[in-house]
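Here is a short tour of one protein chain, written for a reader who likes to have the coordinates open alongside the text. Please take a look at the structure first.

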Amino acid sequence: MRVELLTVGDELLLGDTINGNAAWLGRRLAEHDVEVTRSVVVGDEMDVIVAAVRSALERADAVITTGGLGPTYDDLTRDALARAAGVPLVRDPALERRLRERAEAAGRELQQMAFRMAEVPEGAGQLRNSAGTAPGLRVELEGGVVYALPGVPFEMRTIMDEVVLPELAATAGLPAVARRTLRTAGIWESVVATRLAEVEAMDGVKLAYLPDPAEVKIRITTIGADPKGRLDGVEVRVRELLGPVVYGVDDETLDRVVHRLLAERSATVAVAESLTGGLIGAELTAMPGSSETYAGGMVTYATELKHRLLGVPEDLLAEHGAVHPDVAAAMAAGVRDRLGATYGLAVTGVAGPLPQDGQPVGTVYIGVTGPGDTRTVVRPKLPVPGTGPEIRAVLRRMTVVHALELLRRVLLGLDAEVATGDAREDREVRG
């Protein structure tokens, strides 16, 4: 089964909107072992859409389009599919009635333009949209079938999961597949791939590496007889090869893991942030129930505030400046003491794009203070991602991940050092 993706919209073509629909569709189809051979973006132009659909069906068995099914006059996908099929658009009474009912239920007056969403190419099948108004369309053309989905992401995903994927699976007779994603932090993608070479060589097993700043997700796919049972065995071997850098499975993000570990210990954490400016606090409070484990935080960006609010010694700041491992340790101890938390977590460093106090961009110090000890991981140089303005955002995100990973390791009683392959000094300061 070969599928091509066609996303429609001037806002996508011109870069005003990120094409998240295509990314989601690509991942979703890959999870079901459907081969996506091409992804194309076109603007709101009738002839271009028609040509793109016809061209795609010369190569693929099916085309999935998103966008252009709304009520405005630049929503041209249904018109283009009617032209490609050589049929007129016809008004569907059931769709028209549904539009009226939804408008009445919402207390709105239905504009005449909205009835465009009740028009479909003659002979086209409708794909039930349980999440919105406009249905998706199934249009049989020479060379294959076109599934036209709305551009609204949650509507598109609903129709895809409830209607299109089951149809594709039934049509193509796809093999039994099982998938799972393991999450790692603080380790290079190349190190992960090297350690998993023997798993890569296994028959019926596919690995995909999905890197983010300071994280690598490993998607494991098993195909054939008893794929779920095989997947369980492969996961065990991957964990043996990677060790404790694996922190979660599927949607189990690092902040959720930290929250769970703290909750299991009836513990709380307080955070002192400099270069991250509150990003760690935002991460730790993103999930419901976070108040159970997150005591609070202080963003002490100014050097003077590190002394006044956190109690970092003035002589330490005068001698070494704000970016120093002992400063990170003192910040962690200070925020823990002042906010009455079980653990203190602190970060200070240089996010760029310019050096600070003689320290190069990428210098980051992370401190964790817990019951009975203080641990500080010293990272003289995180990898600097390029030379443009993106450096700052990526380094700040990397710092959030490294900080939460250090806290996770402390909570689990693991060695603070992670074998990432980067040169750095790790040390523990006992308090």
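The report below moves from the overall picture to helix packing, and then to single residues and backbone details.

**The chain as a whole**

Please keep in mind that this is a predicted model. The protein has 431 residues, of which 49% are buried. Its secondary structure comes to 15 helices and 18 strands, and the C-alpha trace spans about 80 × 55 × 40 Å along its principal axes. Of the contacts between residues at least 6 apart in sequence, 68% join residues at least 24 apart.

An unreviewed UniProt entry lists residues 4–171 as "domain: MoaB/Mog". Over that stretch the chain is 41% helix and 23% strand, and its end C-alpha atoms are 16 Å apart.

**Two helix pairs**

Two packed helices are described by the angle between their axes and the distance between the axes. The table sets out two such pairs.

| Helix pair | Angle between axes | Distance between axes |
|---|---|---|
| α2 (residues 20–31) and α6 (residues 153–172) | about 25° | 11 Å |
| α3 (residues 46–57) and α4 | roughly 55° | 9 Å |

Let us begin with α2 and α6. Angles under 35 degrees count as roughly parallel, and α2 and α6 are therefore roughly parallel to each other. Their crossing is right-handed. On the α2 side the contact is made by N21, W24, L25, R28 and L29, while α6 brings P153, M156, R157, M160, D161, L165 and L168. By residue type, this contact divides into eight nonpolar, one polar and three charged.

The pair α3 and α4 is arranged at an angle that makes the two helices oblique to each other, and this crossing is right-handed. Here α3 supplies M46, D47, I49, V50, V53 and R54, and α4 supplies D79, A80, L81, R83 and A84. These residues divide into seven nonpolar, no polar and four charged.

**Covered helices**

Helix α4 (residues 77–85) deserves a second look, as seven of its nine residues are buried. The buried residues are T77, R78, D79, A80, L81, A82 and A84. Among them, D79, A80, L81 and A84 also take part in the contact with α3. Just after α4, G86 takes a positive phi of about 70°.

Further along the chain, helix α10 (residues 254–264) has L254, D255, V257, V258, H259, L261 and L262 buried. What do the buried residues of α10 pack against? Their partners are the strands β9 (177–185), β12 (246–249), β13 (269–273) and β15 (343–349), together with the helices α11 (279–284) and α15 (390–412).

**Backbone details around α10 and β15**

Both loops beside α10 hold a residue with positive phi. In the loop between β12 and α10 sits D250, a residue other than glycine with phi near 55°. D250 has a relative accessible area of 34%, so it is partly exposed. On the other side, S266 belongs to the loop between α10 and β13. Although S266 is not a glycine, it has a positive phi of about 50°. At 71% relative accessibility, S266 counts as exposed.

Strand β15, one of the partners of α10, is followed by a loop that leads to β16 (364–370) and contains P353. A cis peptide bond joins G352 and P353, with omega at about 15°.

**T300 and R338**

Is T300 buried or exposed? Its relative accessible area is 0%, so T300 is buried. T300 is found in the loop between β14 (294–299) and α12 (303–308). Leaving aside neighbours within four places in sequence, T300 is in contact with E273, S274, L305, K306, L309, L310 and M331.

R338, in helix α14 (residues 325–339), has 40% relative accessibility and therefore counts as partly exposed. With neighbours within four places again left aside, R338 is in contact with M298, L309, L310 and G311. L309 and L310 thus appear among the contacts of T300 and also among those of R338. The C-alpha atoms of R338 and R409 are separated by 24 Å, and these two residues lie 71 residues apart along the chain.

Notes. Residues are numbered from 1 along each chain as its sequence is written. This is a predicted model: local features need pLDDT of at least 70, side-chain atom pairs count only at pLDDT 80 or more; totals for chains, interfaces and linings use all residues. Side-chain values use heavy atoms; hydrogens and water are left out. Axes are lines fitted to C-alpha atoms, for helices over the stretch in contact, and angles run from 0 to 180 degrees between N-to-C directions. Helices (H or I, at least four residues) and strands (E, at least two) are DSSP runs, numbered from the N terminus. Angles under 35 degrees count as roughly parallel, over 145 as roughly antiparallel, 65 to 115 as roughly perpendicular and the rest as oblique. A crossing is left-handed if the near helix is turned anticlockwise from the far one by less than a right angle, and right-handed if clockwise. Contact means heavy atoms within 4.5 Å. Ala, Val, Leu, Ile, Met, Phe, Trp, Tyr, Cys and Pro count as nonpolar, Asp, Glu, Lys and Arg as charged, and the others, Gly among them, as polar. UniProt positions are given in the numbering used here, feature names are shortened, and annotations may be inferred rather than shown by experiment. Buried means under 20% relative accessible area, exposed over 50%, partly exposed in between (1.4 Å probe, protein chains only).
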